[in-house]
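Reader: Hey, can you walk me through this one? I have the sequence and the 3D view open.
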Amino acid sequence: MKQTGSVQQNLRHSEIGISDEKAVDMLKMMLLARRFDERGQLLQRAGKVNFHISGITQEPSQVAMTFAMDRERDWFLPYYRDYGVVLSLGMTVKDLMLSVFAKAEDPNSAGRQMPGHFGSKKLRIVTGSSPVTTQVPHATGFALAAKMRGEPSVAIVSFGEGSSNQGDFHEGCNFAGVQKLPVIFICENNQYAISVPLEKQTRGRICDRALGYGFPGIRVDGNDPLEVYRVVKEARDRAVAGEGPTLIEIMTYRVTAHSTSDNDLAYRTKEEVDLHKGKDSLPVYKQYLVDAGLWDDEKEAALLAEHRKMIDEATEYGENAPFQSIEDAFRYVYAEQDGEGR
């Protein structure tokens, strides 16, 4: 057992089928998601964008769970903090910046939705709607289609712990359990549903709810990305083998406010937040790769320069790109009428 920082690294990547190259690629995506997120917050504070939702400290588990999937076959239904997911799937920083600035070239919604409503047919990312948790029954629909077609694909859907109290969550889990569908439900439990702490919204462990629907529920430490990878990979193998769904509760923590419109110190203390910042698994995973001889200061400096250039260019492009025109603002919102006004 390797003790690094405040988190124990129980697994080695080679033990769970991760190559050295893949282990390093995971770190690169974690760092890119973190740096994009930090830039988004700076842009909002500078008054250049209206709104930003942060997922800082959740990126390692997001990247790990995505790398455990088959990105050529599976369907991904992320929630609004999942920068680590969508970047790992191939969405670019430029794509995300166009969304942040709500510009017409935004590939997610052409600037029509708030940032965080990711969508890409090419990358198999299914866009979510504004009502919380609606992506859960959508995921069961994709899983049902895969089962009916006999395709070896799995739907993976993520959401916060507050979503687990919504009807859509229970309906999706119930249907998936009855139909034994190839779907993985990921609860990124960051312990706060906006301003409501976990102990005031939920009794017991969220993962245990799976028992009522007839499939396994697992809780995993989100500060250990290799363990997250292992658990998600096993869940995918079960799904492809026809053994049905899995509910995975990833225990993490939201160190930033719910969004840039939220004052989180109104409902929690700075000391609590600082405690969890000290458990950030990104530097722990990075040190693990250093100890394995796969990462060093020179590689870190080169990657930092590459990321800075990429984010600077994407920021400049997004800021100067045109907004949606009035003529096109309602395109795809209403059905086109035929010549007779129907």
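Author: Sure. One thing to know at the outset: this is a predicted model. Where shall we begin?

Reader: The inside. Which residues of the largest nonpolar core touch the most other members?
Author: Ile184, Val232, Ile248 and Tyr285 do, in a core of 59 residues.

Reader: And which helix gives the most to this core?
Author: Helix H1, residues 20-45. It supplies 10 residues.

Reader: Why would such residues gather inside?
Author: In soluble globular proteins, nonpolar side chains tend to be buried together.

Reader: Take Val232. What does it touch?
Author: Leaving aside residues up to four places away in sequence, Val232 touches Met65, Ala68, Met69, Ile156, Ile184, Ile186 and Ile248. Ile184 and Ile248 were in the list of residues that touch the most other core members.

Reader: What does the second core include?
Author: Phe159, Phe169, Cys173 and Cys187 are among its 19 residues. This core is separate from the other.

Reader: Back to Tyr285. Which residues of helix H9 are buried?
Author: Tyr285 is one of them. The others are Ser281, Leu282, Val284, Tyr288 and Leu289. H9 runs over residues 281-291.

Reader: Why do they count as being on the same side of H9?
Author: Because they cover an arc of only 165 degrees around the axis.

Reader: What's the general rule for helices?
Author: An α-helix has 3.6 residues a turn, so residues three or four places apart point the same way.

Reader: What happens at the start of H9?
Author: Asp280 has a side-chain oxygen that reaches to within 3.1 Å of the backbone nitrogen of Leu282.

Reader: And which residue follows H9?
Author: Gly293 follows. Its phi is positive, near 80 degrees.

Reader: What about positive phi in something other than glycine? Start with Thr133.
Author: Phi of Thr133 is near 85 degrees. Thr133 sits in the loop between helix H4 (93-100) and helix H5 (135-149).

Reader: Is Thr133 buried or exposed?
Author: Buried, because its relative accessible area is 1%, and buried means under 20%.

Reader: What is the phi of Ile194?
Author: About 55 degrees, so positive, although Ile194 is not a glycine. Its loop lies between strand E6 (192-193) and strand E7 (196-197). Ile194 is partly exposed, with a relative accessible area of 45%.

Reader: New topic: empty space. What is the volume of the largest pocket?
Author: About 330 Å³. The lining has 18 residues. Gln41, Arg45, Thr256, Ala257 and Asp264 lie nearest the centre of the pocket.

Reader: Which elements give two or more residues to that lining?
Author: H1 and helix H8 (270-277). The largest share, four residues, comes from H8.

Reader: How many cavities of 30 Å³ or more are there?
Author: Two, from a search of the whole structure. The largest cavity has a volume of about 50 Å³.

Reader: What lines the largest cavity?
Author: Met65, Thr66, Phe76, Leu77, Pro78, Asp82, Val85, Ile156, Val157 and Ser158. Met65 and Ile156 also touch Val232.

Reader: Which element gives the most to that lining?
Author: E4, with three residues. Helix H2 (59-67), strand E3 (75-77) and strand E4 (155-160) are the elements that give two or more.

Reader: Now Thr252. Where is it?
Author: In the loop between strand E9 (246-251) and H8. Thr252 counts as buried, at 5% relative accessibility.

Reader: What does Thr252 touch?
Author: Thr57, Gln58, Glu188, Asn189, Asn190 and Gln191. Again, residues up to four places away in sequence are not counted.

Reader: Last stop, helix H10. Is Asp297 buried or exposed?
Author: Asp297 is exposed, because its relative accessible area is 69%, and exposed means over 50%. Asp297 belongs to helix H10, residues 297-320. Asp297 and Gln44 are 253 residues apart in sequence, and 31 Å apart in space, C-alpha to C-alpha.

Reader: And Ala302, how exposed is that?
Author: Ala302 is also found in helix H10. It is partly exposed, at 49% relative accessible area.

Reader: What separates Ala302 and Asp338?
Author: Along the chain they are 36 residues apart. Their C-alpha atoms are separated by 57 Å.

Note on methods: Residues are numbered from 1 along each chain as its sequence is written. This is a predicted model: local features need pLDDT of at least 70, side-chain atom pairs count only at pLDDT 80 or more; totals for chains, interfaces and linings use all residues. Side-chain values use heavy atoms; hydrogens and water are left out. Buried means under 20% relative accessible area, exposed over 50%, partly exposed in between (1.4 Å probe, protein chains only). A nonpolar core is a set of buried Ala, Val, Leu, Ile, Met, Phe, Trp, Tyr and Cys residues joined through side-chain atoms within 4.5 Å. Contact means heavy atoms within 4.5 Å. The arc is that of the directions from the helix axis to the C-beta atoms. A polar contact is a pair of N or O atoms within 3.5 Å; within protein, one must be able to donate a hydrogen and the other to accept it, and residues adjacent in sequence count only if both atoms are side-chain atoms. On a 1 Å grid over the protein atoms alone, a cavity is a set of points where a 1.4 Å probe fits but cannot get out, and a pocket is an open set with protein on both sides within 12 Å along at least five of seven lines; lining residues have an atom within 4 Å of a point. Grid points are joined across faces, edges and corners, and a volume is the space filled by probe spheres set on the points.
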